[in-house]
Amino acid sequence: MESAGEGRVTFDWQSVVYRDFDVDLDEPGSRSGAALDALLDDLGVPEGEGWALVGAWAEQLSRALAAGVPELLRRLTHPDVAVRRMVPVVLAYAAAPADAIVPAIREHSLHATDPAVRLGLLLVLGRYADRPDVRAQLRRCLRGEPAAALGAALGLLLRPAPRPGGAPAGVGSGATSTTDGAGPVEDVVVEALTLCGGEAGAALGELAWCDPEWAGAVPYGPVDAVDSWLVGAPEVRSRWLALMLAALGDGRLDTVTARVLVGAADQLYSTDSTRYACHAAAVGALLDHPDPAVRRAAVSTNYLHAYGSYLDALAVAASGPAARRDPEVAQAALARLARRGDRRCLPGLRERVAVGTAGAELLRLAAALADDLWPAIRERLAQDLPAAEVNALLTGTQQWRGGGPAVPEVVAALERLSRRIDATVSGDPDARPQFVELEAASATCAFLRRWGLDDARALAALRRVAVGADPETGLAAIRALMGQNTSTDTTKHSSAHSSAQSSRHSSTDSLTDAAADSADSADSAADAMASQVIPLLLNVLARRHRPGRVVGRRGWRFDDNACGWLGELGRRAGAAAPALRGMRDDPAEAGALRVAAADALWHITGDATGALPVLRHFANPGIASATAATTATERASVANEDGDDATLSARAQDALRRIEHEIAAAGPGDEGDDDRPGTAG
């Protein structure tokens, strides 16, 4: 784009993309968009004049620049302050011969009455800071009023984005600019940058670079903008950050900036934990700041908690008077200490366990300290606790080691929960126990499956719960009892599996006598477990037509689960086969139950002739829907509660694919042998 009499003026779109707005090139906010529209209208720039390759905002900026530098400079006296403030933003991307633009910019920067305009014009002058007269003016302004000092510092540091051919690079682009072309950035420049947190920041906040919709309100937005501009110059950023953290700590800086500064310290530490460790102590000191917002920002770190002085500050915040003053910060501090296995978190953790505020997530993080915390957990579980707390304690310690000694307390908790749940269901079969009660009961059963199956009282409690009034809790107890199985033999009576079994037996012959005895013992234990749980699972199935819930808290059908678990037992569940055949072949039963029974029977008996017709029937979505629509009996209506034709069809298709694949792998003539043919209904 040309401007008469002033040489070629081009649009520096690289600085828009790489320095100021990254790649999100829409307008930074409605305020800035309206101001630029007003400027374009006043300039009378026609549509289609802009440079449209990198986004709408850059296109609009380039359209304004197409009017020429003289026209833009004349708008610095426009009666609308929003228009005046947009002029420096446009000029910041004018790559023009210095003689054509510098004298006018220098003159206007000296006499502009609006701090925001003055700041913006000094930033524009930074494009020409290699000129001695410009550099001298910017250095003088560093000692001037706040807006001018900040503008001069930004001008000296934010040079144009790099261009092919070796053009200057700005701080935000990864190069460290200087005040004299060589050497480190002077302290006076860094000190001027800290003015972004005060009235100079308010002036910067009036320009498009800090539109509140883009950067946030003053002073957060200007501080965040300066920090982002310094990312490419970590040494300068670190020096600026040290001054800003000190100001935040002694109250000279607004506390809303804490999140920006702590994030910057954390990021710098992550890049070089030795060079930037100095910020760890400063952030740690903020954990004792009188403003809770600062304390909460200071504890929200991802990397600093690896440093000693910051860990020391966390330990102070995690317990004692500091913890009582700010429990939220104490909780976060405990989490960071626990994750590292730092024993200084133990007093705080024990205190939270004792008063019932130790959440599951916090306990998960403390797994390395399990041996030290189990006594406190046991003491708490021994009390009659709310279901939510029982659930938190047991899910939080699920992966801990050494839970065996807590079995008596967990058994007592299960018995208390079971009584509450059974009382709810017994009073009204359609009543639904509280979700958290069911979750807690399930957690106690899962705990006992892992730690309590050698305990006679635990086994007795699980058996009682398994036949209780609530089938969902009963199934959780049955699942725990199934943990007694030390063998995973679910061999079907098909020739393929018989061959595998023969192969296994052949290899077993080569084992030592001790190993063979061990295998026999495992099989005996599995047989004993199956003999216990098969009647319990059949009891769940026998109760399927009683009034009440048929679906659990997470959408699983009770009868479906019972069939599936019988199938898991494989040939050991042969005693359940007659009952399962009756369910599979009864057209009045719910389709989901018939499919589950057919699948289970395949795992138990290897019967394909009975399973395949039923599965093929329900694998067809149209037939499955029609069957569900014409099922007339009361019990089928109950059994189909919460049914889903698509889910039923998918379940049948999945089972059908598995069985057909295994039959094909076994070879012809191995479809199984049922005592009667299956019917499709």
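In the predicted model, Ala387, Val390 and Leu394 of helix 24 meet Val410, Ala413, Leu417 and Arg420 of helix 25. By class, this contact of helix 24 with helix 25 divides into six nonpolar residues, no polar ones and one charged residue. Helix 24 covers residues 387–396 and helix 25 covers residues 407–427. Their axes come within 11 Å and cross at roughly 145°, and the crossing of helix 24 past helix 25 is left-handed.

A second helix pair is formed by helix 27 (residues 456–466) and helix 28, which pack at an angle of about 140° with their axes 7 Å apart. Here too the crossing is left-handed. On the side of helix 27, the contact is made by Leu459, Leu462, Arg463, Val465 and Ala466; helix 28 contributes Thr473, Gly474, Ala477, Ile478, Ala480 and Leu481. The contact of helix 27 with helix 28 has eight nonpolar, two polar and one charged residues.

Helix 28, which spans residues 471–481, is mostly covered, with 10 of its 11 residues buried. The buried residues of helix 28 are Pro471, Glu472, Thr473, Gly474, Leu475, Ala476, Ala477, Ile478, Ala480 and Leu481. Among them, Thr473, Gly474, Ala477, Ile478, Ala480 and Leu481 belong to the contact with helix 27.

Helix 17 (residues 292–299) also has buried residues, namely Val294, Arg295, Ala297, Ala298 and Val299. The elements that cover the buried residues of helix 17 include helix 14 (234–249), helix 15, helix 16 (278–285), helix 18 (308–318), helix 19 (320–325) and helix 20 (327–339). At the start of helix 17, a side-chain oxygen of aspartate 291 lies within 2.7 Å of the backbone nitrogen of alanine 293.

Helix 15, one of the elements that cover helix 17, runs over residues 258–271 and contains alanine 264. Alanine 264 has a relative accessible area of 1% and is therefore buried, the cut-off being under 20%. With residues up to four places away in sequence left out of the count, alanine 264 touches Asp227, Arg237 and Leu241. Of these contacts, the one with aspartate 227 joins residues 37 apart in sequence; the C-alpha atoms of alanine 264 and aspartate 227 are 7.4 Å apart in space.

Arginine 557 is placed in the loop between helix 30 (513–542) and helix 31 (558–568). Its relative accessible area is 9%, so arginine 557 counts as buried. The side chain of arginine 557 makes a polar contact, at 2.7 Å, with the side chain of aspartate 559. Arginine 557 thus combines a buried position with a polar side-chain contact.

The structure holds zero disulfides. A disulfide is a covalent bond between the sulfur atoms of two cysteines. For cysteine 210, the closest cysteine sulfur is that of cysteine 196, at 8.8 Å. A disulfide requires the two sulfur atoms to be within 2.5 Å, so the sulfur of cysteine 210 is too far from that of cysteine 196 for a bond. Cysteine 210 is buried, with 1% relative accessibility. Cysteine 345 is likewise buried, at 0% relative accessibility.

How values were computed: Residues numbered from 1 in each chain as written. Predicted model: local features only at pLDDT ≥ 70, side-chain atom pairs only at ≥ 80, totals over all residues. Heavy atoms only, no water. Buried < 20%, exposed > 50% of the residue type's maximum accessible area, 1.4 Å probe, protein only. Helix = DSSP H or I, 4+ residues; strand = E, 2+ residues; numbered from the N terminus. Polar contact = N/O pair within 3.5 Å; in protein donor to acceptor, adjacent residues only side chain to side chain. Axes fitted to C-alpha atoms, helices over the stretch in contact; angles between N-to-C directions. Left-handed = near helix turned anticlockwise from the far one by under 90°. Contact = heavy atoms within 4.5 Å. Nonpolar A, V, L, I, M, F, W, Y, C, P; charged D, E, K, R; others polar.
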